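Trainee: Could we go through this model together, asking how each label is earned?

Mentor: Gladly; let us take it one label at a time.

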Amino acid sequence: QVQLVESGGGLVQAGGSLRLSCVASGRTFSAYSMHWFRQAPGKEREFVTAITWNGGSTYYADSVKGRFTISRDNARNTVYLQMDSLKPEDTAVYYCAARSGRNNYLSSTGYSLREYDYWGQGTQVTVSS
């Protein structure tokens with residue numbers, strides 16, 4: 001069993017930065033690829049970014065490419081999402097998710113939500129204009 005806990009959300013002005021963290025319980029963090037999704041009010045949950053189990057490959061939605069950076073520290077059981085040049089349209093609840101498998105390549109657009117093994121509770125990010 002793995003529990004995921006996100007933190008780092010908040011209110012920021014457009015153009016600002018935030019860094020989200022997602023800490024996983026358990027001792028098998030490196031057995032999972034890690035993903036970030038977001039969900040804005042009235043919209044479906046959407047893929048943001050993903051990182052392979054060893055950090056060797058990363059993937060980004062076109063809407064965040066060049067502004068967001070995903071990284072992980074397996075020794076700390078933590079995945080990070082550095083968000084720069086934030087825009088009002090980035091406002092959403094951000095979720096981290098774990099998908100089992102030590103694959104060296106992942107889908108560049110994420111997977112269906114039911115294919116993820118664990119989800120965090122989400123952290124709110126609000127970007128004011």
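Trainee: Which residue in strand 3 does Leu4 stand opposite?

Mentor: Leu4 stands opposite Ala24 in strand 3. Before we go on, please keep in mind that this is a predicted model, where local features need pLDDT of at least 70, side-chain atom pairs count only at pLDDT 80 or more, and totals for chains, interfaces and linings use all residues. Residues are numbered from 1 along each chain as its sequence is written, and side-chain values use heavy atoms, with hydrogens and water left out.

Trainee: What makes strand 1 and strand 3 a pair?

Mentor: Two strands pair if DSSP finds at least two bridges between them. Strand 1 and strand 3 (residues 18–24) have 4 bridges, in the antiparallel sense, so they pass that test. The strands themselves are DSSP runs too (E, at least two residues; helices are H or I, at least four), numbered from the N terminus.

Trainee: Which strands are called edge strands in the open sheet?

Mentor: The sheet has 4 strands in the order 1-3-8-7, with antiparallel pairing. Strand 1 (4–7) and strand 7 are the edge strands, since each pairs on one side only. From one strand to the next, the twist averages 15°; axes are lines fitted to C-alpha atoms (for helices over the stretch in contact), and angles run from 0 to 180 degrees between N-to-C directions.

Trainee: How many bridges join strand 4 to strand 5?

Mentor: There are 5 bridges, and the two strands run antiparallel. Within this pairing, Met34 stands opposite Ile51 in strand 5. The hairpin of strand 4 and strand 5 has 6 residues between the strands, and Gly42 there takes a positive phi near 75°. Strand 5 also pairs with strand 6, over 3 bridges in the antiparallel sense, with Thr49 and Tyr60 as bridge partners.

Trainee: Why is strand 5 called largely enclosed?

Mentor: Because 5 of its 6 residues are buried. Buried means under 20% relative accessible area, exposed means over 50%, and partly exposed is in between (1.4 Å probe, protein chains only).

Trainee: How do you know that Asn77 is buried or exposed?

Mentor: Asn77 has a relative accessible area of 16%, so it falls under the 20% limit and counts as buried. Asn77 is in the loop between strand 7 and strand 8, and a polar atom of its side chain lies 2.7 Å from the backbone oxygen of Gly26. Compare Ser30, in the loop between strand 3 and strand 4: its value is 22%, so it is partly exposed.

Trainee: What makes the link between Ser30 and Arg102 a polar contact?

Mentor: A polar contact is a pair of N or O atoms within 3.5 Å; within protein, one must be able to donate a hydrogen and the other to accept it, and residues adjacent in sequence count only if both atoms are side-chain atoms. The side chains of Ser30 and Arg102 are joined at 2.9 Å, so the distance fits the limit.

Trainee: Why is the link between Arg38 and Asp90 called a salt bridge?

Mentor: A salt bridge is a side-chain nitrogen of Lys or Arg within 4 Å of a carboxyl oxygen of Asp or Glu. For Arg38 and Asp90 the N to O distance is 2.9 Å, so the label fits. Arg38 is in strand 4 (residues 32–39) and Asp90 in the loop between strand 8 (78–83) and strand 9 (92–100), 52 residues apart. Both are buried.

Trainee: Which residue besides Arg38 meets Asp90 in a salt bridge?

Mentor: Arg67 does, at 2.8 Å. Salt bridges that share partners join Arg38, Glu46, Arg67 and Asp90 into one network. The structure holds 6 salt bridges. Another one links Lys65 and Asp62 at 3.1 Å; Lys65 is partly exposed at 49%, while Asp62 is exposed at 67%.

Trainee: What makes a group of residues a nonpolar core?

Mentor: A nonpolar core is a set of buried Ala, Val, Leu, Ile, Met, Phe, Trp, Tyr and Cys residues joined through side-chain atoms within 4.5 Å. The largest one here has 38 residues, and Leu4 and Met34 are among those that touch the most other members. Strand 9 gives the most to this core, with 5 residues.
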